[in-house]
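Q: Please pick one spot in this model and look at it closely, then work outward from there. I'd like a connected account of what surrounds it and how the rest of the chain fits in.

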Amino acid sequence: MTADASNGVLAEASGLSASYGGPVVLEDVAFQVEPGMRIGVLGPNGGGKSTLFRVLLGELPLSRGEVAVKARCGVVPQTERSRLDYPVSALDVALMGTLSRLPWWKRPGRDERRRALEALEVVGLGELANDQFGELSGGQRQRVLVARALVQDARLLLLDEPFSGLDKQSAARLSSLLRDLATEGRGILISTHDIEQARRWDLVLCLNRRQIAFGKPAETLTRAVIEATYGGEIVVVEGGDSGSVTAVLPPHHHEES
Ligand SMILES: Nc1ncnc2c1ncn2[C@@H]1O[C@H](COP(=O)(O)OP(=O)(O)O)[C@@H](O)[C@H]1O
Ligand SMILES: [Mg+2]
């Protein structure tokens, strides 16, 4: 049994601050990720969502506080879509997930190909294994990247705005895939601009250069927390069945003087 297979916390942070060498861009972050949790990471552009992921991946040292990542991480980065814009198949991309576990002198072999194919089947793309990654739809590409993370045997998934640019149907597929992966005991951090979507997940972590709140969506996503998280970039429309509907305005939409 590996350390990964324990039932405990998959990752935790306390008093975490981070900077890129200059001013602190993220501070006072404290949260825990337990198996089975889908955690929405909310915040405006520049709020620190991607920075938090970099810290969890060990790509960026923290300037204060503590962070412990106890499970293997799989990541779906925000920028990968363009970086993988060269001719490789969906299977090739999923196979990349096996590389980190092979000794440097070994190339992926039959075993690795089998595991990569299985992962593509899990995300519903077994049939498209030989298609060019660059020619898949945005939603299919996101799911290939999730497959790559699964091939890494990751119990902690970090998905940086995986729903951006997806049509409704692709978003629904990815969403139900994430539910299944959580049910299997993975912990999943998902940064998103969609507050209403995050209400359906287990926890939310609200960031605006510092942590605004962390907790269950129903208790946490109060109007005050949403305003502190998004600054002036929100409108709250009162009424409707659920009480209120919140929309985040795009960053260029500023009407206040
Ligand atoms: N490579 C970098 N070097 C310096 N500053 C950066 C770098 N990446 C991000 N930042 C700054 O860190 C802050 C948080 O950015 P980021 O984590 O990318 O926010 P988000 O993902 O929520 O949009 C921003 O002020 C951004 O300008
Ligand atoms: Mg980002």
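A: Ser 170 has a relative accessible area of 8%, under the 20% cut-off, so this residue counts as buried. Keep in mind that this is a predicted model. Ser 170 sits in helix H6, which covers residues 168-183. Follow the chain back 32 residues and you get to Gly 138, whose C-alpha lies 8.1 Å from that of Ser 170. Gly 138 is handy as a stepping stone, since helix H5 spans residues 138-151.

So what does the core look like? The largest nonpolar core has 46 residues, and the members touching the most others are Leu 120 and Val 146. Helix H5 supplies seven of its residues, the largest share. Setting aside its neighbours within four places in sequence, Leu 120 is in contact with Val 144 and Ala 147, as well as Ala 90, Leu 91, Ala 94, Leu 125, Gly 126 and Ala 129. There is also another core, apart from that one, with 25 residues, including Ala 11, Leu 16, Phe 31 and Leu 207. As a general rule, nonpolar side chains in soluble globular proteins tend to be buried together.

Next stop, helix H3 (residues 90-99), which holds Gly 97. Gly 97 has 0% relative accessibility and counts as buried. Beyond its neighbours within four places in sequence, its contacts are Arg 148, Val 151 and Gln 152. With Gln 152, the C-alpha atoms are 5.0 Å apart, although 55 residues separate the pair along the chain.

Now over to the metal. The magnesium ion (ligand 2) has two protein donors, OG of Ser 50 and OE1 of Gln 78, at 2.1 to 2.4 Å. Ser 50 belongs to helix H1, while Gln 78 is in the loop between strand S5 (73-76) and helix H2 (80-83), so the pair ties together parts that are 28 residues apart in sequence. Their surroundings differ: Ser 50 is buried at 18% relative accessible area, whereas Gln 78 is partly exposed at 34%.

Helix H1 leads on to a sheet. Three strands make up this open sheet, antiparallel and ordered S2-S1-S4. S2 (24-33) and S4 (62-69) are the edge strands with a single partner each, so each has one side without a neighbour in the sheet. On average, and ignoring direction, neighbouring strands are turned by 15° against each other. Strand S1 (residues 11-19) is joined to S2 by six bridges; Ala 18, for one, has Leu 26 in S2 as its bridge partner. Helix H1 (residues 49-56) packs on this sheet and touches S1, S2 and S4, with its direction at about 65° to that of S2.

Finally, zoom out to the chain. It has nine helices and eleven strands, and 46% of its 257 residues are buried. Take the contacts between residues at least 6 apart in sequence: 66% of them join residues at least 24 apart. On the outside, the chain exposes about 13000 Å², with carbon and sulfur atoms supplying 48% of that area.

How values were computed
Residues are numbered from 1 along each chain as its sequence is written. Chains are lettered from A and ligands numbered from 1 in the order in which they are written. This is a predicted model: local features need pLDDT of at least 70, side-chain atom pairs count only at pLDDT 80 or more; totals for chains, interfaces and linings use all residues. Side-chain values use heavy atoms; hydrogens and water are left out. A nonpolar core is a set of buried Ala, Val, Leu, Ile, Met, Phe, Trp, Tyr and Cys residues joined through side-chain atoms within 4.5 Å. Buried means under 20% relative accessible area, exposed over 50%, partly exposed in between (1.4 Å probe, protein chains only). Helices (H or I, at least four residues) and strands (E, at least two) are DSSP runs, numbered from the N terminus. Contact means heavy atoms within 4.5 Å. Accessible areas come from the Shrake-Rupley method with a 1.4 Å probe; for residues, only the protein chains shown count as cover. Two strands pair if DSSP finds at least two bridges between them. Axes are lines fitted to C-alpha atoms, for helices over the stretch in contact, and angles run from 0 to 180 degrees between N-to-C directions. Donors are N, O and S atoms within 2.8 Å of the metal (3.2 Å for Na, K and Ca); water is not among the atoms, so sites may look incomplete.
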